[in-house]
Amino acid sequence: NSINILTGFMQHSSSTQIPSICSRNRVSRFSKDGTLMKKRKQKGRTQRKNRKKGKMMEITNTDERAVNADRISELPEHILHHILCLLRWPADLARTSILSKKWKVIWESFTSFDFDQRHFQCVNAADKWDHLQPLPVEKQSSIFKQAFEPLGFVELPLIHKFILFVENTLGTRLDQLPSIQKFRLHVFFSVHLLAPFMNHWISVATDKNVNELDIHAKMDGKFYALPELVFASRTITSLKLYGCEVGDYTAIKLQNLRELSMKAMRINENIVHNFVQACPLIEDMRLINCYGLKFLHVSSLPKLNKFEVHERSSLRSVKLEAPNLETFWFHGKKSSRCKLILAECGNLKNLTLKHSHMADKSFHELISHFPLLEKLFLLECRTLHRITILSDKLKTLSLVRCHKLKEVNIDAPNLLSFEYTGAELPFSSMNASRLQEVKLHLKSQKQKSVQKFIEGFDGKGFKLFLASKQGVNIYEELRGLHLSYFGAYKIQLTKSARMVENLLNSHLRDFHPKTLILKTSLTSDLLVFIQEKILNKGKTPPSCCKYYSKKCWRHYLEGAKMSLFPDASSAEYPNTILELKWSEAAPLPEDVEI
């Protein structure tokens, strides 16, 4: 759909016409014996009308030329290259070259290559790639010539087509490019058969001074061995590896590497040490679900800004000595007892922890080292019971599924956003005078405690969005609030009217609720939104999803019945109830949690 959107957008901009502006023809009401003076007056009126019409037509033609201009193609080259990066389907990328001469030049100068084998394994993939034919012999690579005839590809047609596509793309585009910005190769099937080709393709990319290399090799029980010349590249600044093998004694000389990501790989302390020692410019380092690592110690990286580790095996400790580190993520296993040592990371601003065995004392000791902390996200920290968060820098706080929490004290005067997911509200005190947004995801909650918590925001300009899968309540006035929901529901308090509209739009898309209850003033912007999107929908289909196969909720809403009920406690904020009727053809609401 992405290329259809782009093509349609260009066609629309070049075909839209502005109607000509013409004066009405007027019937002369002169008598048959009209005088000479009357004829002269008529002639004068005709001349003035023609002059006026000429000016009008001139304006119209100018406007038409402005509308006919292809503004997308006039964008700077680097922006057009970025647009191409967003087109994931290979055929879409190739089709842009036939849009115009300008797009052909853009396509030929595009220095990013994205080869994903999943495009060749989807339904009807074989038919989509039947047009592929080998290049002329003089343009075929030596590895292709050697392997093509012996393999035959009679039993492996999709692998055959994937190889043809990569070979053809590299063979036709590489010669005219001085270098490559990005080379992405994701292989999910028959990696052992494709390994010789992968070695060749990666070597070609490295010879072309590639900057960003992303290799994903999914093998059962085995790892793909990268060509050693990758680790000696002077141009690679970003290296992302999945399922690849790096030996203990691999010579690593990636002097300009700034981003390193290793996922689902077998690594140990020596491999990490080799990267750290050989790549002093690393700014972003991620170890995701890797095997074999027990003690992780990283130092001597003065530019390290972000570090992320997702535990797969039994990691015992993580020690970072990075004075310029600003973001740290740790996702431990349920059984994890990993010790985090971050005392030398005093400039940390963003901390995300998923740690099932972190005690209260360990948590307080850990965050005491981060006086500049601005964002704290605690996920499934199941052994936290009583915590206190004191910070004058903290702006965002999230406590998600920390089910054992019994007491939380928050003193963060500059806190702007707060999120909590759980069953009970454990907050004993909260000092957050600048708070702009509160998100609560609750299950089987005691209604009185929730209402008391919400009433604490009355008179502070907050709007309340309260939703279950069956209905939505929106309150612009919290005074006299009475909650009627039980079970699972979502509560969000915000000062932004636009945020309320976004929340409603998202909820209508995901759940197709049957009722919508509003407590708003008659001049509220929300009522304007309701009027335009729901009540004035009409019988004609909305034009908002013209270029998309998957339609938004407005295409499935058949109608709405509105009722207005005055509120004696607040005459300025009457209750408006809408009963929503959805089409039987509407897709089932997504099976996601509130």
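**Exercise 1.** Find which residue of E2 is the bridge partner of Ser-112, and work out how E1 and E2 run.

*Solution.* Begin with Ser-112, whose bridge partner in E2 is Lys-182. Next, place the two elements: strand E1 covers residues 112–116 and strand E2 covers residues 182–187, where strands (E, at least two residues) and helices (H or I, at least four) are DSSP runs, numbered from the N terminus. Finally, E1 and E2 run parallel and are joined by 5 bridges; two strands pair if DSSP finds at least two bridges between them.

This is a predicted model, in which local features need pLDDT of at least 70 and side-chain atom pairs count only at pLDDT 80 or more, while totals for chains, interfaces and linings use all residues. Residues are numbered from 1 along each chain as its sequence is written, and side-chain values use heavy atoms, with hydrogens and water left out.

**Exercise 2.** Determine how many residues of E1 are buried, and which way they point.

*Solution.* Buried means under 20% relative accessible area, exposed over 50%, and partly exposed in between (1.4 Å probe, protein chains only). By that rule 5 of the 5 residues of E1 are buried. Ser-112, Asp-114 and Asp-116 point one way from the strand, whereas Phe-113 and Phe-115 point the other way.

**Exercise 3.** Decide whether His-512 is buried or exposed, and describe where it lies.

*Solution.* His-512 sits in the loop between helix H13 (497–511) and strand E25 (515–519). Although His-512 is not a glycine, its phi is positive, at about 50°. His-512 has a relative accessible area of 12%, and therefore counts as buried.
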